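This report concerns charged side-chain pairs and their exposure in one protein chain. Please keep the sequence and the structure in view while reading.

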Amino acid sequence: MINPDRFLSDLHQLRQFGASGVGKGVVRPAYCEADMAARRWLADRMAEAGLSPQFDAMGNLFGLRDGAGLLLGSHTDTQPEGGWLDGALGVIAALEVARSNPGVSVVSFQDEEGRFGALTGSSVFSGAVDQAQADQFVAKDGMSLGTARAVVPRGECWNQREFSAYIELHIEQGPVLDASDQQIGVVTDIVGSRQLEITFSGQQNHAGTTPMHVRRDAFQGLSAFNAALNDRFRNVVTPDTVWTIGHVTLSPNAASIVPGRVSFSVQWRDAQEDRLARMEQIVRDTAAEIAAGAGLGISIEGLRHLKPVAMDLTLRRALEEAAQTVSPGRWRLMPSGALHDASNVARLMPVAMLFVPSIGGISHDFAEDTAEADLVAGVEVLARAAARLTREPQLQSTSPRKI
């Protein structure tokens with residue numbers, strides 16, 4: 001059904017585009033020279049497999065079959081210091097499956113890793129964001145997406161094409177499978193995510209001459225907020241809920257100055273939409289109370305909201321049966337705590353996902369890796385599920401949607 005040696009060879013060849021020189025690390029951000037070289041190489045592999053390679057305006061690369069069919073894939077861009085499998089595994093696995101299954105098309109979405117915004121390519125593809133709006137997104141280096149995508153080849157317009165469903169194979173990016181010595185995870189849900197940007201404004205002042213009791217220290221506001229938030233979430237969250245203060249900008253960020261301003265992100269993830277909403281209210285109320293008590297000004301803005309996505313049950317059943325065949329007793333059902341392109345594609349068609357282990361639970365790092373036997377098991381599960389779904393139409397309850 002698949003050729004494991006060819007599959008692994010393709011994975012290692014793709015790794016050479018943007019190879020970091022440190023282990024198996026890769027540096028291949030969206031639209032950079034290495035990213036576009038990788039996409040041209042991938043387009044050639046698609047053509048060799050009998051697919052029609054086509055770019056859309058965003059730079060998403062598709063290997064297309066005639067007629068509606070099953071879409072498999074992921075992304076090939078990386079974090080600024082990324083691993084070799086994050087996204088790439090799903091694309092190369094899809095290519096290998098397509099070589100023997102004429103009902104399969106392949107996609108490599110652009111900018112999943114967020115140089116210009118999280119899941120950007122699939123956001124535009126799904127209609128969550130239009131191209132004109134996305135073109136205004138700006139990277140940290142000041143380049144706009146509209147400028148960056150000038151390197152994308154202009155191909156045929158095919159936006160009326162239909163697909164029946166989408167399946168994405170991915171590394172877990174967490175420790176669950178590796179720690180339990182399991183080989184396959186069939187995803188039940190992709191968690192939802194909300195994020196706010198909060199700013200506390202105090203009074204910048206001399207660190208040596210300003211008494212502690214009269215200070216309006218913005219950083220102390222952040223410290224108090226963090227402690228209070230952890231306490232107030234305790235009776236609301238589950239063991240699977242996560243939250244992070246991940247980006248902090250302190251002003252003026254000097255050793256001898258009482259900080260006058262701090263801006264920070266607060267992000268939280270959970271599979272239940274009502275819990276996400278309750279947590280948002282706690283974030284807002286806690287920030288307001290801390291600011292009032294410390295004499296700080298406050299602004300809250302930039303709500304980013306991605307809803308949880310349940311995987312399609314028909315697709316899941318096909319993956320579960322394939323997992324039991326390939327890895328009997330060594331697979332499990334599990335949620336995805338990370339966001340994926342499937343979250344956006346679910347706006348258009350049924351979606352499903354499966355995971356293979358990440359050694360040590362490490363991802364978004366040069367040390368990211370997965371045992372080759374687990375990589376091959378993942379593509380075998382994908383191939384078996386795709387064969388069942390393309391041989392026996394299973395998606396009667398959901399009509400294909402035009403893209």
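In this predicted model, Glu321 is partly exposed, with a relative accessible area of 45%. Its partner in a salt bridge is Arg388, and the closest N and O atoms of the two are 2.7 Å apart. Glu321 belongs to helix α10 (residues 313-326) and Arg388 to helix α12 (residues 372-391), so that distant parts of the chain, 67 residues apart, are linked by the pair. Arg388 has a relative accessibility of 17% and counts as buried, because the limit for that class is under 20% relative accessible area.

A second pair is formed by Arg6 and Glu96. Their salt bridge has its closest N and O atoms 2.7 Å apart. Arg6 is located in helix α1 (residues 4-15) and Glu96 in helix α3 (residues 88-100); the pair therefore ties together parts that are 90 residues apart in sequence. How exposed or buried is Arg6? With a relative accessible area of 34%, Arg6 is partly exposed. Glu96, in turn, is buried, its relative accessible area being 1%.

These two residues also belong to a wider arrangement: a network of salt bridges links Arg6, Asp10, Glu96 and Arg99.

A third pair consists of Arg234 and Asp231, whose side chains meet in a salt bridge at 2.7 Å, N to O. Arg234 is exposed, with a relative accessible area of 55%, while Asp231 is partly exposed at 43%.

How many salt bridges does the model contain by the rule applied here? The count comes to 17 salt bridges, among them the three set out below.

| Salt bridge | N to O distance |
|---|---|
| Arg6 and Glu96 | 2.7 Å |
| Arg234 and Asp231 | 2.7 Å |
| Glu321 and Arg388 | 2.7 Å |

A further point concerns a loop residue. Pro80 is placed in the loop between β3 (69-75) and α3. Pro80 counts as exposed, at 56% relative accessibility, because exposed residues are those over 50%. In sequence, Pro80 and His364 are 284 residues apart, yet their C-alpha atoms are 8.7 Å apart in space.

Helix α3 thus appears twice in this account: Glu96 lies within helix α3, and the loop that holds Pro80 runs between β3 and α3.

Conventions:
Residues are numbered from 1 along each chain as its sequence is written. This is a predicted model: local features need pLDDT of at least 70, side-chain atom pairs count only at pLDDT 80 or more; totals for chains, interfaces and linings use all residues. Side-chain values use heavy atoms; hydrogens and water are left out. A salt bridge is a side-chain nitrogen of Lys or Arg within 4 Å of a carboxyl oxygen of Asp or Glu. Helices (H or I, at least four residues) and strands (E, at least two) are DSSP runs, numbered from the N terminus. Buried means under 20% relative accessible area, exposed over 50%, partly exposed in between (1.4 Å probe, protein chains only).
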